[in-house]
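Here is a small set of exercises to work through with a structure viewer open. Try each task yourself before you read its solution.

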Amino acid sequence: MNRFEGPGAREARLRYLDGDFQVASPGAFVRCAVTGESIPLDELKYWSVARQEAYVSASVSLARELEANPHLRRRG
């Protein structure tokens, strides 16, 4: 069990904004939309405003962006 699976720990619901987020439902963490990993709110750095998804790392965020927008893989 990790520190977010204890009896009092709840998953937060957030509204992702440009450079910030609003807490819609309080909690200790959110889940990565790609990996399902728990992300403590104080460590949350990567998300998509357009998709309203959180990501555990920059590389996971980039992979999701390329998946959603395959045209970005092409070089000019």
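The exercises below concern this predicted model, and each one is followed by a worked solution.

**Exercise 1. The layout of the chain**

Task: Work out how many helices and strands the chain has, and in what pattern they follow along the sequence.

Solution:
- Step 1. Count the elements: the chain has one helix and six strands.
- Step 2. Read along the sequence, and the pattern comes out as β-β-β-β-β-β-α.
- Step 3. Turn to burial and surface. Of the 76 residues, 28% count as buried, and the accessible surface is about 5300 Å², with 48% of that belonging to carbon and sulfur atoms.

**Exercise 2. A hairpin**

Task: Find the sense in which strands β1 and β2 pair, and say which residue of their hairpin takes a positive phi.

Solution:
- Step 1. Locate the strands: β1 covers residues 13-17 and β2 covers residues 20-25, and they pair in the antiparallel sense over five bridges.
- Step 2. Look across the pair, where Leu17 stands opposite Asp20 in β2.
- Step 3. Check the turn. Two residues lie between the strands, and Gly19 has a positive phi near 75 degrees.

**Exercise 3. Rings and the nonpolar core**

Task: Classify the ring pair of Phe21 and Trp47, then place Trp47 in the largest nonpolar core.

Solution:
- Step 1. Search the whole structure for aromatic pairs; there are two.
- Step 2. Take the rings of Phe21 and Trp47. Their centres are 5.6 Å apart and their planes stand at 85 degrees; planes over 60 degrees apart count as edge-to-face, so this pair is edge-to-face.
- Step 3. Place the partners: Phe21 lies in strand β2 and Trp47 in strand β5 (residues 46-48), so the pair ties together parts that are 26 residues apart in sequence.
- Step 4. Add Tyr16, which forms one aromatic cluster with Phe21 and Trp47. Leaving aside neighbours within four places in sequence, the contacts of Tyr16 include Val30, Leu44 and Ala54.
- Step 5. List the core. The largest nonpolar core has 12 residues, among them Tyr16, Trp47, Val30, Leu44 and Ala54. Strands β1 and β6 (53-55) each supply at least two residues of this core.

**Exercise 4. The helix and its cover**

Task: Identify the buried residues of helix α1 and explain why Ser61 counts as one of them.

Solution:
- Step 1. Find Ser61 in helix α1, which spans residues 58-68.
- Step 2. Apply the cut-off: buried means under 20% relative accessible area. Ser61 is buried because its value is 18%.
- Step 3. Complete the set: the buried residues of α1 are Val60, Ser61, Arg64 and Leu66.
- Step 4. Ask what covers them. The cover includes β5 and β6, and Ser61 touches Tyr46 and Tyr55, not counting residues up to four places away in sequence.

**Exercise 5. Following the charges**

Task: Trace the salt bridges of Glu53 and find the network they belong to.

Solution:
- Step 1. Search the whole structure, which gives five salt bridges.
- Step 2. Begin with Arg51 and Glu53, whose closest N and O atoms are 3.6 Å apart. Arg51 is partly exposed at 26% relative accessibility, whereas Glu53 is buried at 14%.
- Step 3. Move on to Arg64, which also forms a salt bridge with Glu53, with the closest N and O atoms 2.6 Å apart. This pair links distant parts of the chain, Arg64 in helix α1 and Glu53 in strand β6, 11 residues apart.
- Step 4. Join the bridges that share partners: Arg51, Glu53, Arg64, Glu65 and Glu67 form one network.

Notes: Residues numbered from 1 in each chain as written. Predicted model: local features only at pLDDT ≥ 70, side-chain atom pairs only at ≥ 80, totals over all residues. Heavy atoms only, no water. Helix = DSSP H or I, 4+ residues; strand = E, 2+ residues; numbered from the N terminus. Buried < 20%, exposed > 50% of the residue type's maximum accessible area, 1.4 Å probe, protein only. Contact = heavy atoms within 4.5 Å. Pairing = 2+ DSSP bridges. Areas by Shrake-Rupley, 256 points an atom, 1.4 Å probe, with all protein chains shown as cover. Phe/Tyr/Trp six-rings, centres within 6.5 Å; stacked < 30°, edge-to-face > 60°. Core = buried A, V, L, I, M, F, W, Y, C linked by side-chain atoms within 4.5 Å. Salt bridge = Lys/Arg side-chain N within 4 Å of Asp/Glu carboxyl O.
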